[in-house]
Amino acid sequence: MVIRALFLSCLMLSSLWSGAVSAQSRDAERMPVSLIVRGDYVLTMEDGQPVLTDAAVAVVGDRILRVGPWEDINARFQAERVLPGAGRIVMPGLINGHTHTSMTLFRGMVDDLDLMTWLNQYVFPMEGRFVTPEFVRIGTELACWEMIQGGTTTFVDMYFYPDTIARVVDRCGLRAIVAAPHIDFPSPGFKGWADSFAAAIEFVTAWQGKHPRITPAFAPHAPYTVVPEHIEATARMAAKLGAPVSMHIAEAPAETEFVFEKYETSPVKHVAATGLFEQRLIGAHMIQLDEEDIALVAERRVGAVHNPTSNMKLGAGVAPVADMIAAGVNVGLGTDGAASNNDLDMWEEIRLAALVHKLKAADPTAIPAPVALDMATRMGAAAIGLGDQVGQLSAGLQADLIQVDYTHLRHGPLYDVMSHLVYVLDSQDVQTTIVAGQVLMLDREVLTLDENKLRKDVTRIRDEISAVLGRSE
Ligand SMILES: [Zn+2]
């Protein structure tokens, strides 16, 4: 009995020993990487939109090293950290191509008004009264917290005090194009166009090439708030500095009427005539476009950002998205500011983009699910000029990716991953958000912003605004 036990324990020891040796030699052969993100499904959003099953993404530093079946990734690489993938879809982080982050603090302040009444009677006066660097810091933090929670990894911002915005982006870990607004009227901190444009130049110069996740840009507000001579000046400065430009173009019938009355042309042709179409331009909204406008936008490689919720809420019209895509325009998706949405949830934009064009065209084949997803990822990245960095899970690109849980019973069963992502899953299903290889949210906990402090700051600002609006709650 004793001999038998000894023999058995020797056998066990030797098998343990040989197991350890083979694991050690295997580890020695495997290349060290910083992070491996696993998923039951991995949606790369590369050409052909392949969906890999039981796959993983290997990350070194801020970049994707390899995407492939888990067996292959596990055989090649040894990671400091592996994020499990059971019940999860891995995909590129979402790209919000147009927003005004700090307007989160105006969320639900006033609703159900037309664009010009909403802007002139509420938004502009309240901005004049409340928008300070501190307001922008808190509003941007709130927006970033919401975006990280919803799986947005890149956004294009257009708001006052861009330097403050850029500092929040630096701290919270997201990626952003931060566009400095200039407008012909007085705005927070400025008397008019001259000083706001000078500050925009200063901001772009100060941040350009300084931060791997932050791209500074110019933002002439819109054709109805900036005269053509001033848009020309922006175009010249953007060319000189090689900076992108973000601008509202053809965002409402009132704008189109204004431009036709004053300049006898369409908003698209009007802005094109200033030279801005020769720059790296991100056109937000792009609703009132005719065939000639679409051809011009396609030819000049202007990126378009579709904001379905905001357009619906402000009754601004339905952008000709299917026609733009057919003409070769890169069309991305955006939330616009939270005051006209009223959130920064890209999943709603994806779903509405897939639905509203079917309704308008009375055609259920318009903007199918894979195209709507493309607009929020690969094509959205191309629309904002970052297609060589983000939007797909490909070797060499930035490691901006998310894990989405698909196992909740209310969402079952799953037949088609892309259909599920577009028509079923929501921002609450995002479990992990990673930007440049850094985990910003794990199991729905945002790791880079202090939720409790933020809640206190937001409540304080809300009380101040409510007091001015004469509302006690
Ligand atoms: Zn906007």
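Why is strand 8 (residues 175-182) largely enclosed by the rest of the structure? In this predicted model, eight of the eight residues of strand 8 are buried, and the strand is therefore largely enclosed by what surrounds it. A residue is called buried here if 20 or more other C-beta atoms lie within 10 Å of its own. The burial applies to both faces of strand 8, since Arg175, Ile177, Ala179 and Pro181 are buried on one side, while Ala176, Val178, Ala180 and His182 are buried on the other.

**Strand 8 and its partners**

Strand 8 pairs with strand 7 (residues 152-158), to which it runs parallel and is joined by five bridges. One of the residues involved is Asp157, whose bridge partner in strand 8 is Val178. Between these two strands the chain passes through helix 5 (residues 162-172), in a β-α-β crossover that is right-handed.

Strand 8 also pairs with strand 9 (residues 214-220), again in the parallel sense, and here there are seven bridges. Pro181 has Ala219 as its bridge partner in strand 9. On the way from strand 8 to strand 9 the chain runs through helix 6 (residues 193-207), and this β-α-β crossover is right-handed. The two pairings are set out below.

| Strand pair | Direction | Bridges |
|---|---|---|
| Strand 7 and strand 8 | parallel | five bridges |
| Strand 8 and strand 9 | parallel | seven bridges |

**A bent helix**

Helix 3 (residues 115-130) bends by about 30 degrees at Val123, and a proline, Pro125, follows within four residues. Val123 is also one of the buried residues of helix 3, the others being Leu115, Leu119 and Glu127. These buried residues pack against helix 8 (253-263).

**Two domains and their contact**

The protein is divided into domain 1, which is made of two segments, 31-93 and 392-442, and domain 2, which covers 94-390. Taken over C-alpha atoms, the centres of domain 1 and domain 2 are separated by 28 Å. The contact between the two domains takes 26 residues from domain 1 and 27 residues from domain 2.

On the side of domain 1 that touches domain 2, the elements that give two or more residues are strand 14 (401-405), helix 16 (417-423), strand 15 (430-435) and strand 16 (438-442). Helix 16 gives the most to this side, with five residues. By character, the residues on this side of domain 1 divide into 15 nonpolar, eight polar and three charged.

Key:
Residues are numbered from 1 along each chain as its sequence is written. This is a predicted model: local features need pLDDT of at least 70, side-chain atom pairs count only at pLDDT 80 or more; totals for chains, interfaces and linings use all residues. A residue is buried if 20 or more other C-beta atoms lie within 10 Å of its own, exposed if 12 or fewer, and partly exposed in between; C-beta atoms are placed from the backbone. Two strands pair if DSSP finds at least two bridges between them. A crossover is right-handed if, with the strands pointing away from the viewer, the path from the first strand over the helix to the second runs clockwise. Domain bounds come from an automatic or database domain assignment. Two residues are in contact if their C-beta atoms, placed from the backbone, lie within 7 Å. Ala, Val, Leu, Ile, Met, Phe, Trp, Tyr, Cys and Pro count as nonpolar, Asp, Glu, Lys and Arg as charged, and the others, Gly among them, as polar. The bend at a residue is the angle between axes fitted to the seven residues ending there and the seven starting there.
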